[in-house]
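Here are a few friendly notes to read alongside the structure. Take the points in order, and keep the 3D view open as you go.

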Protein chains: 2
Amino acid sequence: MTKRFQVVGIGNAMVDVLSHCDDDFLVTNSVEKGIMQLIDMDRAVDLYSRVGPSKEISGGSAANTIAGIAQLKGRTAYVGKVKDDQLGAIFAHDLRAQGAVYETVLAPKGSDAETGRCIVLVTPDGERSMNTYLGWSEYLGPNDIDAAMMAEAEWIFLEGYRFDGPESHAAFAKAIAATRGAGGRVSITLSDPFCIERHREAFAKMLREDVDLLFANRAEIKSMYQTEDFDAALSAAAADVAVVVCTDSENGAYIIQGGDRWHIPAVPTTVVDATGAGDLFAGAFLWGLTTGYELETCGRMACLAASEVISHIGARPEADLAALFRQHGLL
Amino acid sequence: MTKRFQVVGIGNAMVDVLSHCDDDFLVTNSVEKGIMQLIDMDRAVDLYSRVGPSKEISGGSAANTIAGIAQLKGRTAYVGKVKDDQLGAIFAHDLRAQGAVYETVLAPKGSDAETGRCIVLVTPDGERSMNTYLGWSEYLGPNDIDAAMMAEAEWIFLEGYRFDGPESHAAFAKAIAATRGAGGRVSITLSDPFCIERHREAFAKMLREDVDLLFANRAEIKSMYQTEDFDAALSAAAADVAVVVCTDSENGAYIIQGGDRWHIPAVPTTVVDATGAGDLFAGAFLWGLTTGYELETCGRMACLAASEVISHIGARPEADLAALFRQHGLL
């Protein structure tokens, strides 16, 4: 039976504020390169006052994934919390305009917190260093999870960054129970090595008990399994999760399912802005999987989508992904 | 004596909401191609609900001009009115971060109107069709003009679009008097052929009496002088204004000063998004002029800056304009 949604994503809703800077700027302003760091509103205001002219483009890791699936005309929805403010309206518009279902989960009126935003600093090498003010996205809790919607999902996709919210674990537990209870499956992205360090036990328990498909990159999977040995980390993950998909930058990606293992080469491109590479990788992969393609083909689609998104500023797809897949003989 | 500012710009402050669409979308949604049309908040909300995923990038015609001058390290300031909301903060940040002085002229608290925005629809040919909700920018009046700041300007730069506001003419009159009273000079851009039709008499009087340098394009100057004969329009303008600078799309630009006339060829490029071409043209020209370059060199700088801004999405400069000028032997 076809369910209403191929994929429902749950994540931190935010608008990216994208600026270019040099490496010295990161050092001077104590921004750690290449990772996501959480900042409060005061730091957000101060840092924003120092960065150059910016572009505002909707972001949020899982939201980017869902935008990719929607652009491919997958049946998809997103759950994340914004404020009833201009940035919240921008976020909601951009997801819906892409074709995703987004029933805005608004913050209570009168709250001081605003819609989340991420000050993304892009260095000349294309690497992005993210400074995230979670705002209202942080407070997504079980009351914001519609069990009926989860039951309509073939897959849910959980954003690891969400482990940082106070009610995040309860929200995930509710979503997982509703999804699995209706025969749906669970995918998750580890999101960030430092986020894993903050919530290692919760991640580990979920991987062992609830996750059918794991997305990670090399640094994340090593952090998760506390080893410097990448192959050992992959094997440990494969013992926990039915399908493991791990990206490895310009080396492409690995897919492991039981005793089978595939290596998918990356699609070479000029890196303009790495923001969203992993997100669109996951989006294309999940779209392929839920459309009925083999894992290896899903991996090739995923690498193509990642190469598209890093070739321009912003974490949402710009080229027609289906046309790109056709061009490469995948559709 | 060097004044504090080379150029002070006065314009409608707004953030651009940039989307791609095809020509059918323009027809279906009654958007007239290639021009600026004023819309109210209801139409803005309705149209926004129909357009695809967007990027928010600070805009505003004169503000783009001033951003160009600031990026060239010219001493420059901007006057325009925003609301104390998130889009207003974005607009203010982007001008200041570029190096311009911007003393935010805020709307009164509690007003319904928001910071102005322009829904820019970019068709595959790179042409932009602009749908402008003026918001608070419309209400910039003489009380918002700081005569002392105008007296510190070598040049002021007036945005023709501003003729649409209820107190715009009085605001311009105050700015012109303060500038000229302190020995400064006045430049203006005609902005749009339909804006000219709405305010022909006011434009004509200002050109005859107050303007030292006129920026226009082919359609605007023909509309201004109500003739289909481009050369006749140029001559009529030259009779009114000491220096006339008129762009002519891929044919480049004409400069007329008294009996002298120069033609500056355009710099060929792939048009990605025409938004801001005229604005950056004026910015580079005014920077060159106030830095001491010959009119012809100013024109070459202007054509280079225009070609830079149309080669990417958004109306603010991205490449280093000074480096571009050096590369072409102009600095």
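**Notes on how the two chains meet**

1. Let us start with the strands. Strand S4 (residues 55-58) of chain B pairs with S4(A) in the antiparallel sense, and three bridges join the two. Please keep in mind throughout that this is a predicted model.

2. Now look inside that pairing. Which residue stands opposite A:Glu56 in S4(B)? The partner is B:Glu56.

3. Next, try the symmetry. Rotating by 180 degrees, with 0.0 Å of shift along the axis, superposes chain A on chain B, and the RMSD is 0.0 Å. This is therefore the relation of a two-fold axis. In chain A, the C-alpha nearest the axis belongs to A:Glu56, at 2.4 Å from it. So you meet A:Glu56 again here, the residue that faces B:Glu56 in S4(B).

4. The contact surface follows the pattern too. Both copies use the same surface, as 100% of the contact residues of chain A recur in chain B.

5. How many residues does each chain bring to the contact? Chain A supplies 19 residues and chain B supplies 19 residues. On the side of chain A that touches chain B, the elements giving two or more residues are strand S4 (55-58) and helix H4 (86-98) of chain A. H4(A) gives the most to this side, with seven residues.

6. Finally, consider the chemistry. Sorted by class, the side of chain A that touches chain B holds seven nonpolar, seven polar and five charged residues.

Methods:
Residues numbered from 1 in each chain as written. Chains lettered and ligands numbered in written order. Predicted model: local features only at pLDDT ≥ 70, side-chain atom pairs only at ≥ 80, totals over all residues. Contact = placed C-beta atoms within 7 Å. Helix = DSSP H or I, 4+ residues; strand = E, 2+ residues; numbered from the N terminus. Nonpolar A, V, L, I, M, F, W, Y, C, P; charged D, E, K, R; others polar. Pairing = 2+ DSSP bridges. Least-squares fit on C-alpha atoms with pLDDT ≥ 70 in both.
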